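Please open the structure in a viewer and keep the selection tool at hand. The stops below may be followed in order.

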Amino acid sequence: MELKKDAKYVIGVDLGGTNVRAAVVDREGKIVGEGRTDSKAMEGLEHTIAQIISAIRLAVSESPANYADIGGIGMGVPGTHKSEEGIVVWSPNFKDWNNVQLLAPIRENLNIPVYMGNDANVAAFGEYAFGAGRGAKCMVMFTLGTGIGSGLVIDGKIYVGVSETAPEMGHHIILADGPRCSCGRYGCVEALARRDAIVDRAARKAHAGRATSLLAKSGHDLRYITPAMIAEAAAEGDEVSIETLAETGYYIGIAVANAINILNPDKVVIGGGIAQAGDLLFNPIRTTVEVNALYAPLQVCQILPAELGDDAGVLGGAAMVLQRMGALP
């Protein structure tokens, strides 16, 4: 099935373990219609495919586009893939997704070309095309949240490696005797800087008897601390929260310094909910990078907050298609 290279619109899809979001996007990267559905991740492949199609149809119905106006669909999908074959090799978010064909049923139902990539890579491509990474020759992205996602764009192409598992910078080991990570190894960036690790550090400080406004913010139940509460408390001058973000910034900064030393990027983009802490997180990141990155690559690299927020995934999917159409460099 061939792309309609002169089409007015494309569709980006962000598939998650909870929700599917689809957006109709014009050639300039403007979202003109969107649809959201439950992804039904634990109900099997057929149910999830039906939900993806439903989200796409809803997005089209909410836009000025007709199906004839749409050049193609680009999807960000968690896990590892054989993307050109439309196969999800494995995904942690979906029941029994091992070597499943995802794209063919969507393509056949809608009669539109469909492409996919790893969700973190696709989000990074969105930032490259329409966000903080615009104009970069080599862009690295870290996404801070429940885990630590990452993406790499070199010379306008998503870099995925030989088996489409790159770059996985969240699983770089930065503390050899550190805490156990969900991947089974110890001391990964993710084990030290993911959401639960941040909350755990703050809670341990509070349990040790240190004064902190997090007690009141969590209703005096430290199990309910969130990164947003920590960021808010830090902005108000809470020492425990400031220290927690500084420690988190140090670990992320080590990971960023490693990326700079290995890849010599001109932009490192940091996004995700935790990044919304702003300078309280970015200042320790930049300080750590300045100490640990090599001088020459550091001089040409900007460390920037992501610009697209939750739109990165759908805009990245759209950008994948626009590039194939020749509408992006």
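The tour moves from strands to aromatic pairs and then to charged side chains. The model under inspection is predicted.

**Stop 1: strand β1 and its partners**

Select residues 9–15, which make up strand β1. Six of the seven residues in this strand are buried, so that β1 is mostly covered, with buried taken as under 20% relative accessible area. Next, add residues 19–26, strand β2, which runs antiparallel to β1 and is joined to it by seven bridges. The connection between β1 and β2 is a hairpin of three residues. To see the register, display I11 and its bridge partner in β2, V24.

Then add residues 70–77, strand β4, which runs parallel to β1 and is joined to it by five bridges. Here V13 of the pairing stands opposite M75 in β4.

**Stop 2: the loop before β4**

Which residues does D69 contact, leaving aside its neighbours within four places in sequence? They are A7, K8, Y9 and P64. D69 itself is placed in the loop between α1 (45–61) and β4. This residue is buried yet has no salt bridge. Its nearest side chain of opposite charge, that of K8, is 5.0 Å away; a salt bridge requires the nitrogen and the carboxyl oxygen to be within 4 Å.

**Stop 3: the five-stranded sheet**

Select the open sheet with the strand order β11-β10-β9-β12-β13, in which the pairing is mixed. Its edge strands, each pairing on one side only, are β11 (157–158) and β13 (302–305). Within the sheet, β9 (residues 138–144) pairs with β12 (residues 267–271) in the parallel sense over five bridges. Display M139 and K267 to view two residues that stand opposite each other, the latter in β12.

Now add helix α3, residues 119–130, which lies across β9, β10 (148–154), β11 and β12. The helix runs at about 55° to β10.

**Stop 4: aromatic pairs**

The structure holds three aromatic pairs. One of them is F94 with W97, a stacked pair at 4.3 Å centre to centre and with 15° between the planes. Both rings belong to buried residues: F94 has a relative accessible area of 4%, and W97 has one of 1%.

Return to α3 for another stacked pair, F125 and Y128, at 5.6 Å centre to centre and with 20° between the planes. These two residues are separated by about one helical turn because they are three residues apart in helix α3. Both are buried.

**Stop 5: salt bridges**

How many salt bridges does a search of the whole structure find? The search finds 15. Among them, the side chains of E34 and R36 meet at 3.4 Å, N to O. E34 is partly exposed at 31% relative accessibility, whereas R36 is exposed, with a relative accessible area of 55%.

Select helix α5 (residues 195–207) next, where D200 and R204 are four residues apart and therefore separated by about one helical turn. Their closest N and O atoms are 2.7 Å apart in a salt bridge. D200 is partly exposed at 36%, and R204 is exposed at 56%.

Continue to E236 and K217, whose side chains form a salt bridge at 3.2 Å, N to O. E236 lies in the loop between α7 (227–235) and α8 (239–263) and K217 in helix α6 (residues 214–217), so this pair ties together parts that are 19 residues apart in sequence.

Finally, select R201, K205, R210, E243 and E247, which are linked in a network of salt bridges.

Conventions:
Residues numbered from 1 in each chain as written. Predicted model: local features only at pLDDT ≥ 70, side-chain atom pairs only at ≥ 80, totals over all residues. Heavy atoms only, no water. Buried < 20%, exposed > 50% of the residue type's maximum accessible area, 1.4 Å probe, protein only. Pairing = 2+ DSSP bridges. Contact = heavy atoms within 4.5 Å. Axes fitted to C-alpha atoms, helices over the stretch in contact; angles between N-to-C directions. Phe/Tyr/Trp six-rings, centres within 6.5 Å; stacked < 30°, edge-to-face > 60°. Lys, Arg positive; Asp, Glu negative; His and termini not counted.
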